[in-house]
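Please open the model in your viewer and keep the selection tool at hand. The stops below go from one part to the next, each saying what to select and what is found there.

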Amino acid sequence: MGLLPLEFSDCYLDSPAFRDRMKAHEAELEKTNRFIKELNKDGKNLITATKNLSVAQRKFAQSLGEFKFEYIGDAKTDDEKCIDESLHEFASFLKNLEEQREIMLFNITETLLKPLEKFRKEQLGAAKEERKKYEKDTEKYYSAVEKVLSMSAKKKDQQLLEADNQVEVMRLHFHEESLEYVCKLQEIQEKKKFDCVEPMLAFFQAVFTFYHQGYELAQDFSHYKTKLQINIQNTRNRFDGTRSEVEELMKKIKQNPEAHKWNSPLSIEGYLYVQEKRPPPFGSSWVKKYCIYLKEQKIFNMVSFDHRSGGKTGEPESFILKSCTKKTGDSIDRRFCLELEVADRPGLIITVQALSEDDRKQWMQAMGGKEPVCKLGRTYSKREGIEAHLDEIGLSLLKNCIGAVESRGITDQGLYRVVGVSSRVMKLVGLLMDEKTYREVDLSSSDEWDIKTVTSALKQYLRSLPEPLMTYKLFKAFIVPAKCDSPESRVNAIHYLVYKLPEKNLEMLGMIIKHLANVSANCKQNLMTVANLGVVFGPTLMRPEEETVAAIMDLKFQNIVVEILIENHEKIFGSAPDGSPTKSVALSSSEPSAPPRLSKRQNSHQNRPLAVYNPSVEFQAADCPNPVKDETLMGSTGSVSSQSSTATTSSTSGSPPEDTKNHFTTNGGDLVDWASISHPSAVPQINASSLTTPTASSPAATFSPEGTNNDKPGDSVTYRKAKAVFSCEAEHDSELSFPVGAIFEDVTSSKEPGWLDGTLDGKRGLIPKNYVEFL
């Protein structure tokens with residue numbers, strides 16, 4: 001698991017978990033800073049210490065081999081994997097050169113040291129200064145909040161109003177600084193992937209020319225260099241797209257922060273000041289605590305957290321709420337106070353202070369207070385501009401634009417990447433979508449409209465649709481296979497998902513992808529490779545319904561989905577996947593074959609059949625990180641986030657782990673860490689009725705009939721009957737041979753990962769898991 005994204009909305013919540021994630025980003029940048037310093041030192045040794053050249057080379061190679069780039073999100077693209085592995089490749093090249101003790105590397109200063117030092121000073125140095133400024137603003141803001149909250153309610157209204165206004169100004173400034181700092185952190189995390197590797201690439205190219213066998217080594221390096229340059233360029237292109245999306249999201253949040261605050265129907269969370277009474281004559285003190293209230297269970301959890309002591313967290317506390325009462329200024333000399341009556345500790349009353357009157361109203365509403373409040377909700381802004389639809393006019397627009405591009409502009413450089421003049425684009429779109437004029441416009445035979453205007457009009461139409469062509473509903477499902485390691489699994493999964501699109505969406509998508517395949521076939525002239533088209537059409541054909549930093553980080557996987565569609569368009573749009581009732585889309589393709597199966601007698605990390613997308617069961621890709629269930633098949637209205645914290649279950653002794661002080665459990669046995677409870681993207685989406693207070697035991701773990709990726713070797717779980725969807729010939733006495741349509745009885749999970757145990761015609765044996773569907 002890489003670094004978790006820093007959500008802009010969390011800047012307003014400023015939870016302990018958010019601070020922990022921020023610390024991880026800061027630590028990663030500090031690690032990169034140390035790495036660059038060390039690398040600079042080693043480079044100078046290569047210049048000044050030629051007698052110790054071999055030693056310096058080994059140290060330099062070691063530094064490269066030990067460093068590893070961290071990434072944001074739950075998976076890496078193929079390009080990022082190559083970039084991540086590039087340092088190990090460079091180290092390997094250096095080891096091969098160790099015996100060639102000749103003087104070299106005269107230009108190392110210009111090609112390696114200066115660019116890295118420039119990156120360290122300009123980027124990492126800027127981040128360090130931003131960090132100091134952010135910490136200073138944090139101290140200033142929370143000190144001001146505490147000072148205002150401690151003011152007596154008996155002071156004059158004018159004094160209280162002035163104090164509140166001053167705190168509000170500081171709050172706005174603090175949140176703006178927080179947004180800028182979070183944006184800067186994540187930008188540098190992404191930029192370092194290419195700003196650090198490119199100088200190394202140039203350095204290695206220069207090194208080989210000085211060696212006796214330089215020509216042969218350079219020939220070997222040339223292929224890898226070209227591939228890595230493509231990887232870097234692809235990563236940079238995706239970064240440019242991601243950065244613009246992040247900046248746009250940050251701008252929206254700045255303009256309307258209330259609309260982007262997370263609001264859950266199941267819980268409320270935030271900071272409260274809790275009154276802690278002490279024995280006379282010490283009176284009482286007010287301690288800031290981060291509190292979470294689970295509405296249906298009436299469970300109130302709180303933990304102390306001090307921003308000024310390095311984010312030190314205290315012992316978590318939990319109780320069941322009986323009632324909540326608003327406290328007035330007559331009964332206590334503080335504003336915004338509430339009295340909480342504890343149900344499981346009779347007679348115990350806890351007094352808490354909210355951060356403002358609006359904050360108190362929200363807590364009262366969540367905890368059943370009598371004062372009615374309006375619930376803040378999330379709103380989504382509609383796209384402005386032309387109202388587009390998947391109708392005859394839209395289909396005509398696509399055909400008209402595609403025909404023009406393929407007849408007179410297929411070889412134009414930068415096709416679809418070079419944009420037209422906005423006013424002319426909108427004018428053309430208006431003509432093509434007007435019921436009175438759309439039949440009269442023939443772009444193929446007229447030179448009135450240049451190609452960049454035509455391509456921009458096509459993209460504008462797709463972006464103006466009420467929802468993207470590949471639908472919000474299937475967005476997460478399309479992203480999952482793009483994160484798989486197995487190319488065949490990717491294609492099979494996306495092939496199946498494409499045919500779950502509505503008929504009109506499928507027809508238009510097939511038309512567009514076939515056209516893009518023709519464009520990429522002319523990439524030598526137009527320079528639009530499949531990767532470049534993926535960058536352009538990834539955000540156009542698919543996008544998430546909710547804009548978050550985590551979703552923007554998946555933009556690179558949207559591009560990969562489009563690349564897969566283009567590279568495999570004949571198979572995907574030529575015929576429906578096996579088991580799907582949908583017709584093909586005007587292309588031909590061969591029949592799908594059975595998925596490849598690895599022998600269980602191979603080593604442990606290869607003894608599982610290659611996961612494929614079976615159209616009759618949910619997608620369980622063995623090589624995919626964090627697979628999600630197909631919502632349309634399983635009838636689910638939500639899915640587990642890719643950043644979910646690990647849930648553990650007890651299935652043997654019934655005893656909880658020794659250290660449960662920082663956790664609470666669910667009725668299903670899920671153990672949830674306090675540090676993960678700050679945002680819905682960081683916790684499992686658990687049914688509200690399953691949450692309880694910490695218990696002394698948890699029920700044994702159970703598995704669904706379909707099985708999950710949590711199955712472990714040795715778990716014996718009874719399934720329902722299963723049916724063979726592919727035929728199979730046994731390779732060992734312990735395996736079963738079977739034809740298509742065979743029915744298996746008493747199917748259970750096997751000790752062999754990726755295999756099942758089942759009975760067929762009275763004989764029991766092993767069955768490849770991805771060769772069957774459960775009945």
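Begin by selecting strand 1 (residues 267-277) together with strand 2, which pair in the antiparallel sense over eleven bridges. This is a predicted model, and every stop on the tour should be read with that in mind. At one end of strand 1, pick Lys277, which stands opposite Ser284 in strand 2.

Keep strand 2 (residues 284-294) selected and colour it by accessibility, if your viewer allows this, to see that the strand is mostly covered, with eight of its eleven residues buried. Now add strand 3 (residues 299-306), which pairs with strand 2 in the antiparallel sense over six bridges. Within this pairing, Tyr293 of strand 2 stands opposite Phe300 in strand 3. Between the two strands the hairpin has four residues, and Lys298 takes a positive phi near 55° in this hairpin.

Phe300 also leads to the next stop, since it belongs to the largest nonpolar core, a set of 93 residues in which Phe8, Leu64, Phe90 and Phe300 touch the most other members. Select helix 5 (residues 108-149) as well, for this helix gives the most to the core, with 13 residues. In soluble globular proteins, nonpolar side chains tend to be buried together.

To look at one member of the core more closely, centre the view on Leu64 and show what surrounds it. Leaving aside the neighbours within four places in sequence, Leu64 is in contact with Phe35, Leu39, Leu87, Phe90, Ala91, Leu94, Met200 and Phe204. Apart from this core lies another, of 68 residues, and to find it you can select Ala75, Met508, Met528 and Ile564, which are among its members.

Move on to the five strands that form an open sheet in the order 13-12-11-10-14, where the pairing is antiparallel. Strand 13 (763-768) and strand 14 (772-774) stand at the edges, each with a single partner strand, so one side of each is left without a neighbour in the sheet. If you look across the sheet, neighbouring strands are turned by 40° against each other on average, direction ignored. At the edge formed by strand 14, three bridges join this strand to strand 10 (residues 722-724), and the two run antiparallel. Here Lys723 stands opposite Glu773 in strand 14.

Finally, select the cysteines Cys401 and Cys728. Cys401 is buried, with a relative accessible area of 1%, and Cys728 is likewise buried, with a relative accessible area of 5%. How many disulfides does the structure hold? The structure holds zero disulfides.

Note on methods:
Residues numbered from 1 in each chain as written. Predicted model: local features only at pLDDT ≥ 70, side-chain atom pairs only at ≥ 80, totals over all residues. Heavy atoms only, no water. Disulfide = S-S within 2.5 Å. Buried < 20%, exposed > 50% of the residue type's maximum accessible area, 1.4 Å probe, protein only. Core = buried A, V, L, I, M, F, W, Y, C linked by side-chain atoms within 4.5 Å. Contact = heavy atoms within 4.5 Å. Pairing = 2+ DSSP bridges. Axes fitted to C-alpha atoms, helices over the stretch in contact; angles between N-to-C directions.
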